[in-house]
Structures are given as C-alpha cells and as structure tokens.
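Grab a pencil and work through these exercises with the structure open beside you. Try each task before you read its solution.

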Amino acid sequence: MIQTVLKRDGRVVGYNEEKIKAAIRKAMLQTPLGEDETLIQKITDRIGVTGREQMTVEEIQDRVEVELMKSPRKEVAKRYIAYRDQRSIARRAKTRDIFLEIIEAKNNDITRENANMNTDSPAGMMMKFASETTKPFVDDYLLTAEARDAVRHGYLHIHDKDYYPTKSLTCVQHPLDNILRHGFIAGHGESRPAKRIETASVIACISLETAQNEMHGGQAIPAFDFYLAPFVRSSFIEELKKMEEVTGEDLSDIYNQEIKDYEKKTLDGLKGRQRAIQHAVNCTVSRVHQSMEAFIHNMNTIHSRGGNQVVFSSINYGTDTSAEGRCVIRELLKSTYEGVGNGATAIFPIQIWKKKKGVNYMPEDPNYDLYRLACKVTARRFFPNFVNLDATFNHHELWKADDPQRFRHEVATMGCRTRVFENRYGDKTSIGRGNISFSTINIVRIAIECMSIVDKDERIERFFSKLDEVLEITARQLCDRYNFQKTALVKQFPLLMSRLWTGAEKLSPDATIEQVINQGTLGIGFIGLAECLVALVGKHHGESDEAQQLGLRIVSHMRSRVNEFSERYQHNFSVLATPAEGLSGKFTAKDRKTFGEIPGITDKIYYTNSNHVPVYYKCSPRHKAKIEGPYHELTRGGHIFYVEIDGDATHNPQAIADIVDLMDSNNIGYCSVNHNRNRCMKCGYEDASEKLTECPKCGGHEIDKLQRITGYLVGTTDRWNSAKLAELSDRVVHK
Amino acid sequence: MTSSATLRILDIVPGTSVDGPGLRTSIYFAGCSHCCAGCHNPQSWDMNGGEEMAIDEIIAIVEENGFNVTFSGGDPIYQLNALIPLAYELHKRGYNIWCYTGFSFEELLDIDGIDTFLNLINVIVDGPFVSDLRDTSLRFRGSANQRLIDVTHSDRKHITIWHDDD
C-alpha cells in the first residue's frame, strides 16, 4: 500500500490518489470515448493497494501505463504516454537552453564562472555540459530538503557543487619529498626517485597536474625550497663527476664540500680544487635557473583537468637557509622577474613567501637578502604574496631553527587563501592535508531580513538568531557531504590517496577513504560583511567603529559556533573568509530581486568579499590593515589582506616591504599587493599608467593589463563574469 | 620653535607609493608660481587654495600613519616660514623627509633661511616639470631635468644624487 511518494526534486510527500485520477481523466478526455469514472477508480485502487510503501513518481506512472494497457481503453494509454513524454521534454528544456548557450560560445555568466577556464574549447565545453547537468542532479538527489531550500532561497552557496557526485575533496598541500624520494605511478608512466634538479622540478609539475585531476580545488607545494634543495647538491656533484671524466682526476673529496652560496663567479685566478668547485657551482646555478624557468613554463602551459584548465598551483618558500635552498629561491625569483616567453608575467604558480623573523625578515636574518629580492619581484610580477609565520595564530610549538625538518611546522597556504593548519585528529601541519569542502553563508540576506526591526538591539539579536539557524543547516550540509565523500574508494584518487594525503599510504586500493579523510577541514565561509553591517547599523566597518565592533562580534560568533560544530560532529571545521569568484554576483542578484535596490547594500551587482573593506571605499593602507587585521585570527580556514597601491611599483619595492610591515604589526596572516602593470604585446614595453590604450614606444594597441581575481592573476578580463568586472572598475587605490 | 603656526594645505595623502621610497604620507601645500606648462595640477597654484591647518594637526595625521613624509604641492617653499617648524617637529620624531620644489637646488640655496630647512630634509626633488622631458620610466619624478638630491651630501659646489639598492 502506497503511503508516501518520492518526488523528482527529492522531497517526500504523502500519497494522494486524486493526482493519479486527474492524470488518467485528462488522457481519457482527449479520446473519442471520453471519461470512465469506474475504470479510473478501479485502476487507482489497484495501484494504491498493490504498490510499495514508498514509490517514486516515475514508478507510479509506469504502473498507470501498465494498468491502462491491460484495460480495454488502450487508446487512453497512448494519450497518457504521449503526455508523459511532453512533460519530460518540458522538464529538460531548461537544460536545452543552458546547452545552447554553451554551444554558441556566448560570453555570459554561465561560461565565465571561472576566469581560469577556457570554456570555448571543446574540452572546456564538455566540462561545462557536465558541470551544468550535475548541479540539478545534486539538488534533486544528493542534498537534503533543508540544504536545498537554503540554497534555493539564497542563504547558502555550496562550492564546487558540480563535483559533488564525484566525491572529490577540494585541495591538498603536496608532501613533495615523498614523491621525490619514492617515485610514483601516474597514467601510463612510472617515475623513479629524482636524481637531479631538472627531474625534480618536472616531477613537481607532474605531481601537481596529476592531483589536479583527482580534486576540485587548487594544488600547492608547502616548502618548495626545502624539497628541491637536495637536488641542487646532487646536480653539483654530477658536475664534479663530469669533470672527473674529462680530467681523470678523483674529486670525491669535494663532493660534500661546504658551499657558502651558489653564485656564479669568474674562474679567473682560481686554481685546483677551488677552480673545480666554482666551475661546478656555475654550472649548477645555470641548471637550477633553467629548471625553475621550465617549472614556471610548464605550470602555465600544460592543461590538465578536462584539458582546458592549467593547474591552480601555488608554491610556498623562503625559509630554507641552506646554500642549496637559497639557490632554489634565488633562481626561482630571478626567473620569475624575467618572466615567461618574451618576458610576460607568469600567471602560475601563485608564489607565496613565508615571512619569518630570525629567518628572512630582519636585516640581520640569513635570508633577508632574498626577502628584499622577493619585494622587488612582487613589485613587477605581483608574486610572491606573503604569508606571515609570525602571526600569533601561525606559530607552532615544535618549530626549531636548527631542525632540518622544521618546514613541517611552518604554515603554508593555498594561493587563493585556503588555510589548513590546526588538526584535532593528528599533527598540526599544513602538509599532506587540505580542505574537504566548503559552503558559504550569505550574511547580507540574513541582515536585510532584519532591517525592518526598528529597535537596534532587537534587530541585531534577531540577526544572530537567524545566523545560528543558517550555521546549523550549513554544518549539517557539510557533514552530509563529508559522509558521502568518505565512501569514495582509494582507487578513485590514485595519486592523492597513495602518496599525498596524510595516512593514505596504509590504505589498500579497494578500501574507502573513511579512515583518513578527517585529516581535512570543512569550511564555513561568509560573504559581504560590509553590506551586512550597512544593513544592521547603517555603516560598514571601514567607516564606523560601531560597525567594526559588530563585525568582529559576528565573525567571533561564527568562530565559536564552528568550534562547537567540531566538537559535536568530530571534524575539523573552520571559518573561511570566502573568495567567491563565481559567487560574487549570484547572491546579490537574488537579493535584489527579493528586496529591491537598497543603497549601500544591493545597489552594486556584487557583494564585498568576506571581511574586506569595500573596494570602492577610499582609505589608507594602514587604516585598511587596522580594520581587516583582527579578522585574520578568527578565520582559520583562510583569509587575505589586499592593498592596491598607486603608481609604478617597480620604482618602489620598499612600498611592498612597508605593506609586509603592516601585515607584521597588525597580526595579519596573508597579504598580497595589487598594482597596475601594462604590457604591450607587440614590443614588450611595460609601465604602470592607468587606462593605457596605446603603447608610447611602438604605438601598438594590444595592451595586456594584468589583474588579480580571487587571488589568481588574469591577463585578460574577457573571461571575467559581470559581477567581478563591476568590482574591478570600482576598485580604488589605497593611499 | 613654535607649533602654533599654520599652513595652507591642499591635501594629505596618508600612504602613497609615488613620492619617494616606501609608503609615505604626502602633504600637498597650496600655492605655486612656477606655472609649468603641462602641469597636471594647475588648481594647486592658488596661494589661498586648500585649507588652513595647524602644525599639530598635521603632525597628528603623520603620527597616525607612521610612514615617512613627503612635502609636495603646489610648491612648499612658498610657505617656508611655517614649513621650517613643521619639518623640525617631524625630523625630531625621526621621520625621513622628501621635499618637491619647482626651484632648482641652486636657486634654493639663495633663499634666506633655507639652511635651517635643508638641515631637516633628506632629499630635495628639484626643478620645474618640463613636459618635453616627460618620462614615465623615471623614479619619483616627472621630467628628466628634475634631480633627486641627497641633501645631506650636497652643497653649492657638489651635488650628490640620491640612490638606493632598489
């Protein structure tokens, strides 16, 4: 006997026989013989009584068809079938419209959701078809009713929803030493352990590219310098061995000779062993430089993930003070400064300088010279960004200056900002771990809904109670996804779950990943703190101390709730200051439709990222740092502090260092400096003037203007979605 | 030295990267009589432009931002009498000071009382803007005739050009 019906959208409703009757009656009325109430009742009764306790809509309709075919009224069955087909086509019509937009290679917000992806290429289109069809599948079959409602009504955004059915995790920091030491198998090739710098740098690329296809987020290397340093020495020894072949002389006594710094110098006046060492150093430096150049080139040209996206790659470095590590850092920076191809700025990898006092920040520190070089490179090439190992929340109790493995205790970040460090279920480290999934709450909408409450205290209290409701839904949604993800088999993620993810080496290929997945984090993000505060108290946190205090209260509240979730559900939850590329316009469009245009809130087509001061608000870098700094400690899932500086940054690397100082003095975790950089595609002329349309050197009009979007650089804004373009044109410099 | 003097200020930019090394607080003084052709800021020529600010007020803004300081304009030198106590107070607090002027360094040296001022200043960017000599690749100056003069190591006979490692 049928009690409940499972609808197409996943909802379960009580069985209602009137619906079956109405459908049969409709079909009968379209036949010459018309309706037959007795037959209708007979069929309906039979289905109701003989059906299972819960049936889907399609199953019930199949039964109706069978019963009609068995009855004398076969012509009614035909009408009924024809009607079902029409409905089914109508339901697919929305998919058809989306498909047509993709096929016509139109520039719209569907195809420009992700600025790093070329959706015009066949591989890109294929991926977009898949992405657009999996999203409704997820809505209908994988989300709970409350999560689906929260998404439909614009309170919640589930990131990478198209990947939901694949059970993929978001991102990982690669323990590259594991790969380099043991080799790995990917595709049809087996890699042996690396022996020299060229191989090591290529294996680093392959590791990132392979893992990119097993996940939906970015790929990072947490200690690029430490990992590659041993191969500088082995390449040096290789150079000595080449000399041995030529001269027949045994040089093994200097294989492990201490080298002060791998720097090219003339051989003039050098004799014997000294000459051999310097010659080997010179050759090694050239090879390291070439390897770094190749690494950068590969990361910008080799398309992985569906064949249309380069890897969202990031590398962290700066704290290896050994001569070999310093050589890697120096040649990487030099190569980045020179640019790729004919000197264009490399878009990938995102480079992140690990700033630490006693290592590379104070003038007396061993890597201070490289830090100054890093500032100079950023002034021209936008990278490296800076992660602050000195921020109180980035400290690690076990870090010791003389520990060769100290990088294990250094925080590393994904370039986009995702931060994974604290760990309830193992060692506190960034390495071999990553985010599992994240979802973002539209705190602006919650605030707008409270605006009509006149009394301010009451309004704010109402906001907090609504926020709590959405936080609970979000936590449950993340747990649901987690429970789905943990059923993935190890063999679904062959590299990730053999060499990269913490604890994975113990798993057999046919096991599930359940034992190890809890090493990752579940992120609860938020967007539009500025607009939320305008809705609640009339001003944003950049312009009012009252708003700032409330902003801090809101995010502190989220953090403490998230800590409770960690206890309750036994996962690593964290608060994320959401970057939100595809998201920045979606919430706003929905909210404007519901609430109309509200000044300072829905009057732009985007919401301000996370806890940032609005991009259009004029203020000094110091003010921005003071306001945004305190949020970094609260958002352990990731955060970023941006400054837009005026003028030509290449003239003023000290200005970059001054911004790092602001990061230092305001306990900020991660920062990045934006500035203007134009490049003539014809002659290579570069400058920093605003709105350059004609090259002053050759008169060319193909000017490439670099911009940063959610942490990633983009040379052309063609692939930006409309909300991000609007945000870009509103950006003001901080001076 | 008195801090009660006032100056006419067009604007104070609390963190620019274009007026000398590092982020700087740039103070734009009202009034200029050089009338350079192609000046990008002719509204700054009015000696009565901007608004009156007390030295204490200006210092409070500089202290709030903590960056080194640049005097620009207009031409700050037209307000030399009140500029000296401001420069004195900032110098005393350890700020590095750059000053842009339309006068050449040599002309500057002929101005009464300039020595007291120059002793407080680290770098003078001298000379008028000459639009024919405009070059965007120059650091911290608009036209090639202008010089970044390291004041501490320069005098009437010998001018040292400022440089850094960047």
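## Exercise 1: Domains of chain A

**Task.** Which residue ranges does the domain assignment give for chain A, and what can you say about the contact of domain 2 with domain 3?

**Solution.** Keep in mind that you're looking at a predicted model.
- Step 1: start with the ranges. The assignment for chain A lists domain 1 (4-91), domain 2 (145-170 + 436-638) and domain 3 (173-316 + 327-351).
- Step 2: go from centre to centre. Over C-alpha atoms, the centres of domain 2 of chain A and domain 3 of chain A are 38 Å apart.
- Step 3: look at who takes part in the contact. Domain 2 of chain A puts in 10 residues and domain 3 of chain A puts in 12 residues.
- Step 4: sort one side by class. Where domain 2 of chain A touches domain 3 of chain A, its side has six nonpolar, two polar and two charged residues.

## Exercise 2: Two chains, two globules

**Task.** What radius of gyration does chain A have, and what does chain B have?

**Solution.**
- Step 1: get to know chain A. You can find 22 helices and 23 strands in it.
- Step 2: apply the globule rule. For 735 residues the rule gives 27 Å, and the radius of gyration of chain A is 30 Å, which is close, so chain A is as compact as a globular protein of that length.
- Step 3: add the extents and the burial. The C-alpha trace of chain A spans about 110 × 65 × 60 Å along its principal axes, and 48% of its 735 residues count as buried.
- Step 4: turn to chain B. It has four helices and seven strands, and from the N terminus on its elements go β-β-β-α-β-α-β-α-α-β-β.
- Step 5: run the same kind of check. A compact globule of 166 residues would have a radius of gyration near 15 Å, and chain B agrees with its 15 Å.
- Step 6: finish off chain B. Its C-alpha trace spans about 40 × 35 × 30 Å along the principal axes, and 42% of its 166 residues are buried.

## Exercise 3: Where the chains meet

**Task.** How many residues of chain B are in contact with chain A, and which strand gives the largest share?

**Solution.**
- Step 1: count both sides. In this contact, 16 residues of chain B meet 18 residues of chain A.
- Step 2: find the main contributor. Strand S1 (residues 6-16) of chain B supplies four residues, the largest share of the side of chain B that touches chain A.
- Step 3: sort by class. That side of chain B divides into seven nonpolar, seven polar and two charged residues.

## Exercise 4: A strand with two partners

**Task.** Which strands pair with S5(B), and through which residues can you trace the pairing?

**Solution.**
- Step 1: check the strand itself. In strand S5 (residues 97-100) of chain B, Ile97(B) and Cys99(B) point one way, Trp98(B) and Tyr100(B) point the other way, and all are buried.
- Step 2: take one partner. Strand S4 (residues 68-73) of chain B runs parallel to S5(B), joined by three bridges. Val69(B) has Ile97(B) as its bridge partner in S5(B).
- Step 3: see how the chain gets across. S4(B), helix H2 (residues 80-92) of chain B and S5(B) form a right-handed β-α-β unit.
- Step 4: take the other partner. S5(B) also pairs in the parallel sense with strand S6 (residues 123-126) of chain B, over three bridges. Here Cys99(B) is partnered by Ile124(B) in S6(B).

## Exercise 5: Buried or exposed?

**Task.** Is Asp268(A) buried or exposed, and how many of the nine residues of H17(A) are buried?

**Solution.**
- Step 1: place Asp268(A). It sits in the loop between helix H9 (224-247) and helix H10 (272-301) of chain A.
- Step 2: count neighbours. A residue with 12 or fewer C-beta neighbours within 10 Å is exposed; Asp268(A) has 6 inside 10 Å, so it counts as exposed.
- Step 3: now the helix. Helix H17 (residues 529-537) of chain A is mostly covered, with eight of its nine residues buried. Among them are Leu529(A), Cys532(A) and Leu536(A).
- Step 4: ask what does the covering. Helix H14 (443-450), helix H15 (456-485), strand S15 (521-527) and helix H18 (545-569) of chain A are included in the cover.
- Step 5: look just past the end. Gly538(A) follows H17(A) and has a positive phi, near 85°.

Key. Residues are numbered from 1 along each chain as its sequence is written. Chains are lettered from A and ligands numbered from 1 in the order in which they are written. This is a predicted model: local features need pLDDT of at least 70, side-chain atom pairs count only at pLDDT 80 or more; totals for chains, interfaces and linings use all residues. Domain bounds come from an automatic or database domain assignment. Two residues are in contact if their C-beta atoms, placed from the backbone, lie within 7 Å. Ala, Val, Leu, Ile, Met, Phe, Trp, Tyr, Cys and Pro count as nonpolar, Asp, Glu, Lys and Arg as charged, and the others, Gly among them, as polar. Helices (H or I, at least four residues) and strands (E, at least two) are DSSP runs, numbered from the N terminus. A residue is buried if 20 or more other C-beta atoms lie within 10 Å of its own, exposed if 12 or fewer, and partly exposed in between; C-beta atoms are placed from the backbone. Two strands pair if DSSP finds at least two bridges between them. A crossover is right-handed if, with the strands pointing away from the viewer, the path from the first strand over the helix to the second runs clockwise. The radius of gyration is taken over C-alpha atoms; the globule rule is 2.2 Å times the number of residues to the power 0.38.
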